[in-house]
Amino acid sequence: MKIARMLIAATLAATAAAPALAGDWKFLPILDKGYSPAFVASVTGGLMDPKHVDSGTAWGLELAMNCGLLQTPTGVVRTKLSYNRFDNDGLKLQTVELNPRWTTPIAQNLTLGVGPGIGWVKSDAGGRTTDMFAWQVGADLDYRMNNLNLGLGARWQDTTDKDIGGGHHGADNWLVQAKVGIAF
């Protein structure tokens, strides 16, 4: 079942990003004279649903920017560096994530971004601390009003199957969150 969910999520992300595959790709746009990172720093809050405990609130920080390594012929690749924290039912999770999103406008000042990501998860359950690698797939909606950025995001995170304590293995989770940020 876990492999089926991963394949479905990867297929949906690839299908949504298919228009970005046709045309000329730009490698190392950061070296171009007109490159602009278009930074957005956000505070995030939402609901995390790990597989071993009840869902609960999660909060975090996110820094998003135009990717300096690769740009697609259509849309923009936005790199999102995120930190999230969750503490519920004796399970504490801290995540650091790097999520590139192929982003395209869907209405005036509104963009949709989809893509994969990688991460590091630190879990603390019953006094046992475990570090795990993670991969994820997700989507974001962002609405820009001058320098104010409002967003919604959702992602599935799959962790390595390490013993995290209490007879549980891994810390796979869903995260749905709102974002409020400043563009600079």
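## The overall build

The secondary structure here adds up to one helix and twelve strands. Keep in mind as you look around that this is a predicted model. If you walk along the sequence, the order reads α-β-β-β-β-β-β-β-β-β-β-β-β, with the helix at the start and the strands after it.

The protein has 184 residues, and 39% of them count as buried. Its accessible surface is about 9700 Å², and carbon and sulfur atoms make up 67% of that. Now take the contacts between residues with a separation of 6 or more: 56% of them come from residues 24 or more positions apart.

## A hole inside

How many cavities of 30 Å³ or more does a search of the whole structure find? The search turns up one. Rolling a probe the size of a water molecule over the atoms is what shows where empty space is left. The volume of this largest cavity is about 90 Å³.

Its lining is made of 14 residues, and the ones nearest the centre are Asn99, Arg101, Asp140, Arg155 and Gln177. Strand 5 (76-88), strand 6 (91-107), strand 9 (148-159) and strand 12 each give two or more residues to that lining. Sorted by type, the lining residues of the largest cavity come out as seven charged, five polar and two nonpolar.

## Lys80, a buried lysine

Lys80 sits in strand 5. Is Lys80 buried or exposed? Its relative accessibility is 4%, so Lys80 counts as buried, the cut-off for that being under 20%.

Look at who surrounds Lys80. Leaving out residues up to four places away in sequence, Lys80 touches Glu62, Leu63, Ala64, Glu97, Leu98, Asn99, Arg101, Asp140, Asp142 and Lys179. With one of these, Asp142, there is a polar contact from side chain to side chain, at 3.0 Å. Asn99, Arg101 and Asp140 should ring a bell: they are among the residues nearest the centre of the largest cavity, and they also touch Lys80. For a sense of distance, try Gly117: Gly117 is 37 residues from Lys80 along the chain, and their C-alpha atoms are 9.1 Å apart.

## Ser42 and Asp49 on strand 2

Strand 2 (residues 40-50) is home to Ser42, and Asp49 lies in strand 2 too. Ser42 has a relative accessibility of 6%, so it counts as buried. Asp49 comes in at 38%, so it counts as partly exposed.

What does Ser42 contact, apart from neighbours within four places in sequence? The list is Gly60, Leu61, Glu62, Lys179, Val180 and Gly181. Two of those names, Glu62 and Lys179, also appear among the residues that Lys80 touches.

Asp49, with residues up to four places away left out, touches Ser55, Asp172, Asn173 and Trp174. The pair Asp49 and Trp174 is a nice one to find in the structure: they are 125 residues apart in sequence, yet 5.1 Å apart in space, C-alpha to C-alpha.

## Asp172 in its loop

One of the residues touching Asp49 is Asp172. Where is Asp172 found? It is in the loop between strand 11 (168-169) and strand 12 (173-183).

Asp172 has a relative accessible area of 2%, so it counts as buried even though it is in a loop. What does the side chain of Asp172 reach at 2.8 Å? That would be the backbone nitrogen of Thr159.

Definitions and conventions
Residues numbered from 1 in each chain as written. Predicted model: local features only at pLDDT ≥ 70, side-chain atom pairs only at ≥ 80, totals over all residues. Heavy atoms only, no water. Helix = DSSP H or I, 4+ residues; strand = E, 2+ residues; numbered from the N terminus. Buried < 20%, exposed > 50% of the residue type's maximum accessible area, 1.4 Å probe, protein only. Polar contact = N/O pair within 3.5 Å; in protein donor to acceptor, adjacent residues only side chain to side chain. Contact = heavy atoms within 4.5 Å. Areas by Shrake-Rupley, 256 points an atom, 1.4 Å probe, with all protein chains shown as cover. 1 Å grid on protein atoms, 1.4 Å probe; cavity = no way out; pocket = protein on both sides within 12 Å on 5 of 7 lines; lining within 4 Å. Points joined across faces, edges and corners; volume = space filled by probe spheres on them. Nonpolar A, V, L, I, M, F, W, Y, C, P; charged D, E, K, R; others polar.
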